[in-house]
Structures are given as structure tokens and as C-alpha cells.
Amino acid sequence: MTANGSVDPTASVHASAIVEAGAIIGAGCEIGPFCCIGARVKLGQGVVLKSHVIVTGDTEIGDDTVVFPFSVIGEIPQDLKFAGEDTRLVIGKRNRIREHVTMNTGTAGGGFVTRIGDDGLFMAGCHVAHDAQIGSNVILVNNVAVAGHVVIEDDVIVGGLSGLHQWVRIGRGAIIGALSMVTADVLPHALVQGPRGELDGLNLVGLKRRGVNRADITALRAAFLMLKQGEGSFQERAARLTEDTDSPYVREMVAFITGDSDRGFLTPK
């Protein structure tokens, strides 16, 4: 290794693996057979690359993350506008990245970084495109495709074979049903399903699993009904929601709706 790279003496590197000079391999890492690690890669403590994993580019993987075979992490974006600019991929701690997952670095047009939070599960065949910003405790089920610049907040589940259009935002605690194509922003704690991704209520199961109290769930239900049936435009109905509620969950929903949106919103039918 060169002076600006190192392999911790407690790390285990299989004889068939390639670790380029400059890479930083943390304590207790396990690098399996036929893995390839680029010169600008940084692995935290206890990272496991099972076998046949490629980690390249300016990529950082947090402690105790496990990457399964044939994943490609940190390759350049699938974006024709990308001109070789210096961009990054930052992955948090304790993620599980299953077989054949691909995650790309960012672009100049999206802040130069793709970012993944902590404690996520990325099932086989998922793709995370350039400049995506994914929170913690997120589950992407098999073969989910996340397009460029997508924002996924914490505690979101995206069902298998679903696609998220570029620039879409998925609010905290939302759930997307399998085989859905989502082309507009999804409200926090919402339930979306159907081939063209229709807003179909609240993620009540997720709210109850996370221990949200009954008063807040009731307030969310009332807010959702007002968004669906109230007078005025969708934005006007949302703005009125904070007038008679102290629920932080309703206020979170209003803040999401009144924030910047490049795609508009899925609205209650």
C-alpha cells in the first residue's frame, strides 16, 4: 500500500482479491475471493465483501456493512451528461447489500454525491442511480430501480420490481407496493400501490409497528381525508392542516407538501 492507504492488520483479505494501492481497509474487514477494491475506496470497521464484489471510485462504506456477491458499488453514473467530474458515493453503517446490486456515484448536476444512510436492506438486483439520497432503515425489495436525484427518507419500504422516476421524493415512513411505477412525490406515511403508483391511503401497519400513538394516527387519518375532500387546491388544503393540530406527524406531512418538488405529488383519489 502507498502512504495514503492502508490495510488494517486485523482485516482478512483473500489471496485472489485485488486491493489497489491507496485503498483504506478498516479493522476486522473481510474481503472474500475475487473482490476488486479501487484505490480511492474506504471501508470502515467490520465491512464484509462476500466474494466477486467490485467497489470502485471515491466510495466510502460504513462499519459492519455486508455486500453480497456480484454487486458493483461506486461505478460512474449511467448519465450521458457525466463528463468525468470528481464525484462520490457514501454508504452508512450496518447496511445489507444483496447480490447484483448496483450503486453509482453522483454528478455535478446533483451535488456530486450519492448518499445511503444506515441500517438499510437492498435486496438482490436493486439499482441506486447517481445523486440519490437515501435515508436510514430503508428497504428496497428485489429489482427496485431508483433513478437519478431521487430522495427517499427514513423508514421507507419499496416493493419488488418497482421504479422511482428521477427527482421523485418519498416521504418518511411511506410504503410502495410491488410492481409500481412512481412518477410523483409520495407523502410521508403514505401507502402507494398499483401499476402507475396511486396514493391509496396511509401506511397504518408501518405506523403501528413503529409505535406511533393512536392520537397521531387519528390526526393523520383526518389530515388525509381533508387533503382528499377539502376545498381549494391541494396546496391550500395542506396549508390549512396546521391550523387545528399539534400532531408532529401532520406538521411533517405539511412541511413535505410545502417543500420544493420537481415532480408534483401523488394526491388522494
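Here is a friendly set of questions and answers about the predicted model above.

Me: Before we start, which pLDDT do local features need, and how are residues numbered?
Reply: Residues count from 1 along each chain as its sequence is written, and side-chain values use heavy atoms, with hydrogens and water left out. This is a predicted model in which totals for chains, interfaces and linings use all residues, side-chain atom pairs count only at pLDDT 80 or more, and local features need pLDDT of at least 70.

Me: Happy to dive in! Which strands stand at the edges of the sheet of 11 strands?
Reply: Strands (E, at least two residues) and helices (H or I, at least four) are DSSP runs numbered from the N terminus, and two strands pair if DSSP finds at least two bridges between them. The 11 strands form an open sheet with mixed pairing, in the order β2-β5-β8-β11-β14-β17-β20-β23-β26-β28-β29. Two of these strands have a single partner each, so one side of each is left without a neighbour in the sheet: β2 (12-13) and β29 (198-202).

Me: What is the bridge partner of Ser12 in β5?
Reply: β2 is joined to β5 (residues 30-31) by 2 bridges, and the two run parallel. The partner of Ser12 there is Glu30.

Me: At the other edge, which residue stands opposite Glu198 of β29?
Reply: β28 (residues 190-193) pairs with β29 in the antiparallel sense over 3 bridges. Their hairpin has 4 residues between the strands, and Gly194 takes a positive phi near 105 degrees in it. Opposite Glu198 stands Gln193.

Me: There is also an open sheet of 9 strands; which are its edge strands?
Reply: Its order is β1-β4-β7-β10-β13-β16-β19-β22-β25, with parallel pairing. The strands that pair on one side only are β1 (6-7) and β25 (169-170).

Me: What is the bridge partner of Ser6 in β4?
Reply: β1 and β4 (residues 24-25) pair in the parallel sense over 2 bridges. Ser6 is partnered by Ile24.

Me: And further along, which residue of β13 is the bridge partner of Asp58?
Reply: β10 (residues 58-61) is joined to β7 (residues 42-43) by 2 bridges, running parallel, with Leu43 partnered by Ile61. β10 also pairs with β13 (residues 88-91) in the parallel sense, over 4 bridges. The partner of Asp58 in β13 is Arg88.

Me: On to the helices: at roughly what angle do the axes of α2 and α4 cross?
Reply: Two packed helices are described by the angle and the distance between their axes. Here the axes are lines fitted to C-alpha atoms over the stretch in contact, and angles run from 0 to 180 degrees between N-to-C directions. The axes of α2 (residues 214-229) and α4 (residues 248-258) come within 8 Å and cross at roughly 35 degrees.

Me: How many of the residues in that contact are nonpolar?
Reply: Contact means heavy atoms within 4.5 Å, and the residues involved include Leu220 and Leu227 of α2 and Val250 and Met253 of α4. Ala, Val, Leu, Ile, Met, Phe, Trp, Tyr, Cys and Pro count as nonpolar, Asp, Glu, Lys and Arg as charged, and the others, Gly among them, as polar. The division is 1 charged, no polar and, for the nonpolar class, 9.

Me: How wide an arc do the buried residues of α2 cover?
Reply: Buried means under 20% relative accessible area, exposed over 50% and partly exposed in between (1.4 Å probe, protein chains only). In α2, the buried residues are Asp216, Ile217, Ala219, Leu220, Ala223, Phe224 and Leu227. Measuring by the directions from the helix axis to the C-beta atoms, they lie on the same side of α2, because they cover an arc of only 160 degrees.Me: Which elements are among those covering the buried residues of α4?
Reply: The buried residues of α4 include Tyr249, Val250, Met253 and Ile257. Their cover includes β25, β29, α2 and α3.

Me: Is Asp64 buried, exposed or partly exposed?
Reply: Asp64 is found in the loop between β10 and β11 (66-67). Its phi is positive, about 60 degrees, although Asp64 is not a glycine. At 40% relative accessibility, Asp64 counts as partly exposed.

Me: And what is the relative accessibility of His149?
Reply: His149 lies in the loop between β21 (145-146) and β22 (151-152), and its phi is near 70 degrees, a positive value in a residue other than glycine. His149 counts as buried, with a relative accessibility of 14%.
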